[in-house]
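Let's take a walk through this one together. Pull up the view and follow along.

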Amino acid sequence: MIELTIDKKKVRVEQGTTILKAAQQVGIEIPTLCHFELCDMGIENRPGGCRVCVVEVEGRRNLAPSCITEAEDGMVVKTHNIRVLNARTTVLKLIISDHPFNCLVCAKSGHCELQSLATQFGIRSLPYEGEQSHYRKDTSPSIIRDVDKCIMCRRCEMMCNEVQTVGALAAVNRGFMSVVAPAFEMNLVDSPCTYCGQCVSVCPTGALTEVDHTNDIIRALSDPAKTVVVQTAPAVRAALGEEFGLDPGTLVTGKMVAALREMGFDYVFDTDFSADLTIMEEGTELLQRIRGHLAGDSSVRLPILTSCCPGWVNFFEHNFPDLLDVPSTAKSPQQMFGAIAKSWFAGKIGVNRKDLIVVSIMPCLAKKYECQRDEFKTDGSPDVDFSISTRELAAFIKQANIDFLNLPDEDFDDPLGESSGAGVIFGNTGGVIEAACRTAYELHTGKALKKVDFHELRGVEGIRSAVIDFDGLKLNIGIAHGLGNARKLLDEVRAGTSHYHAIEIMACPGGCIGGGGQPYHHGHSEILAKRAAAIYAEDERKPIRKSHENPSIIRLYDEFLGHPGSQKSHSLLHTEYFPKSNEVSIYLNGHNGK
Amino acid sequence: MSQKLSIAAEVFAYMEDLAGTDGIAVKVNLSKEKIEKINQVCNAYHNDPGELINVLHETQHEFGYLPAEVQDVIAHNLHLSVAHVYGVVTFYSFFSMIPKGEHPVSICTGTACYVRGAEMVLEEFKKELHVKVGETTPDGRFSINCLRCVGACGLAPVVLVGEKVYGRVSPDGVKAILEEYRK
């Protein structure tokens, strides 16, 4: 341990601690910009590039960036004397001098960290006039890159390369011309981008944002010829409240339903319903594959991998095209919902497919891409028309002038709004496989599950494993969240050394609660923990906690599908995967991107 | 024909095919031998991602430039993303994604050559060849680059064409130098 003095306060820290963290221990928050951390997940970005966090260290000639300077024994640090404050202000003014001034119309306004710092430092004039760097805007199905707003903090690069190992983004070119871009300055759509949206979730400015479909939905809602139904993903209810000032982890399920009804959606349904449906199909497939394997059928591939997460699906299509027969063929809950809504439900209410619009509210940006995939269309019309993020919904509710906090709690509509606790926990890492275990156990053993909570499958470690005893049949379960962790498990599968029977994978750290479309957490990992706790709390208060006991699911099979894995199920609820090449095929030579 | 030139020829053949299309999209089909050559370079550096710059240096020495397909192979071998490799290639001005001409013209713009009028010599080459610094003529014969001091300041301003050194070059002499290679 070493002892140092920060702003006249003595602090004792471990050797190797940065001044920034030492200061935090005595309650001093030094402002940062490029620095980013999700400490529970071991995620950190500290290039020491922006110099907003500089402090004065007695005896040193230059100010020191506190995020990368290690504390030393006997050090005397001042974090807010006039020299430090002047330096920070100058640094901010210089950064802003190469940043567009159109904050009024920026998607990130109100959530922008550069804007917050400018406010905090009372910047009222911009003395540095000069050239600003310009670069073309790039729009993909999910993500918009507007790198004129980029401040080169390189958080996105860290997320994309180190955490997700996707490798779509890197800093390219030099000096004033440098930008974060895909290889050869291709567009995102031609890159190995999975649309997981983690770059968007950490971008401090409006350089990376989601494609906004709010206006498409307003148009659909105002068209009297259309019946508009909406589905809400499990993780949305655990985070939406944050946008209205509620504490992280406050469940707003009832208010969210009321708001959607007030906005004019004809039916407010729940993706939790189709999560239960996913369990019926995926759980059945899991049991079939495991039983086949145990019976010695060599054509059966194990482990089986979950397939609910579209970022993950994109990732394995890009990086593991040789393993496309390993993931479950079950569609994601979003797409199962769309398929059932536009067949069974449309038939029930007597509405033509073309007059039924399905909207999804997702914690995810990859869902925007997923619903546009060709295999999820019938004669060119998609099963899910528009997917918007939790953030877009919050903005939409505000735009619609709805007093969210004072709304009464309302219930989802029937029949696609009924769900079990198993459907809810899809929002957390480990939740899908826990839900699958609840159902698969009872289907396999024919016995009632005594304890529905599988605590051994929960947690925040990037890779977890557990052995679940199915009455003598011991299943090795693997769980990974974050695509870098997924890659490790997939490399084992490819090498033939994987000992798992089933693996759940979620692209985003924490699972959907940490999705790229959720309210910005600004590096506060405790927010993710509170959302996760809220999801488990919602599960606990549900009267039904196993997917196969959901009465609407039972009815759907009785009236329409037959049984899990039936021919009808296969045509509506299962899909196939396509290899995506990572090879460089077409690119612009040199610097034509400018 | 040397290996360098054979690749350049492939590229130009392809560029010709694309004549009339927008932009200069260059696609290089790497032969097995060329991929093997890159693999050898990477192996010599134990496929260590920390050796990226050395690998790029040596590969550019072999090929004359670093087309996208070459970067792709290097990224794969070194377990790096192509975006990262491209980032390094575009950061250092030494690395080029444009093939050098058959006769690379290098004009020294170091201090001594500069004060003796290198700038005007450079302008004359640009005018004669209708290309900018770092570019190659459409026929693939000449490219222009600047360098900083070849250690022959007594001969300033100095120009190199390939390995051949020309001293005390004046703008008037540019045409004559190029004529030697235009035959």
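Chain B has eight helices and four strands. If you trace chain B from its N terminus, the elements come in the order α-α-α-α-α-β-α-α-β-β-β-α. So how much of chain B is buried? Of its 183 residues, 33% count as buried, where buried takes 20 or more other C-beta atoms within 10 Å of a residue's own. As for contacts, take those in chain B between residues at least 6 apart in sequence: 60% of them join residues at least 24 apart.

Keep in mind that this is a predicted model, which brings us to confidence in chain A. The average pLDDT there is 94, and 98% of the residues score at least 70. Residues 585-594 of chain A are another story, with pLDDT below 50. Even so, that stretch makes 19 contacts in the model beyond near neighbours in sequence.

Now for a sheet in chain A. Three strands line up in the order β8-β9-β12 to form an open sheet, and the pairing is antiparallel. Why do β8 and β12 each have a side without a neighbour in the sheet? Both β8 (138-139) and β12 (208-210) of chain A sit at the edges with a single partner strand apiece, so one side of each is left without a neighbour. In general, strands of a sheet pair through backbone hydrogen bonds, in either a parallel or an antiparallel way.

Zoom in on β8(A) and its partner β9(A), residues 143-145: the two run antiparallel and are joined by two bridges. Here Thr139(A) stands opposite Ile144(A) of β9(A).

Conventions. Residues numbered from 1 in each chain as written. Chains lettered and ligands numbered in written order. Predicted model: local features only at pLDDT ≥ 70, side-chain atom pairs only at ≥ 80, totals over all residues. Buried ≥ 20, exposed ≤ 12 C-beta atoms within 10 Å, placed from the backbone. Contact = placed C-beta atoms within 7 Å. Pairing = 2+ DSSP bridges. pLDDT = per-residue confidence, 0-100.
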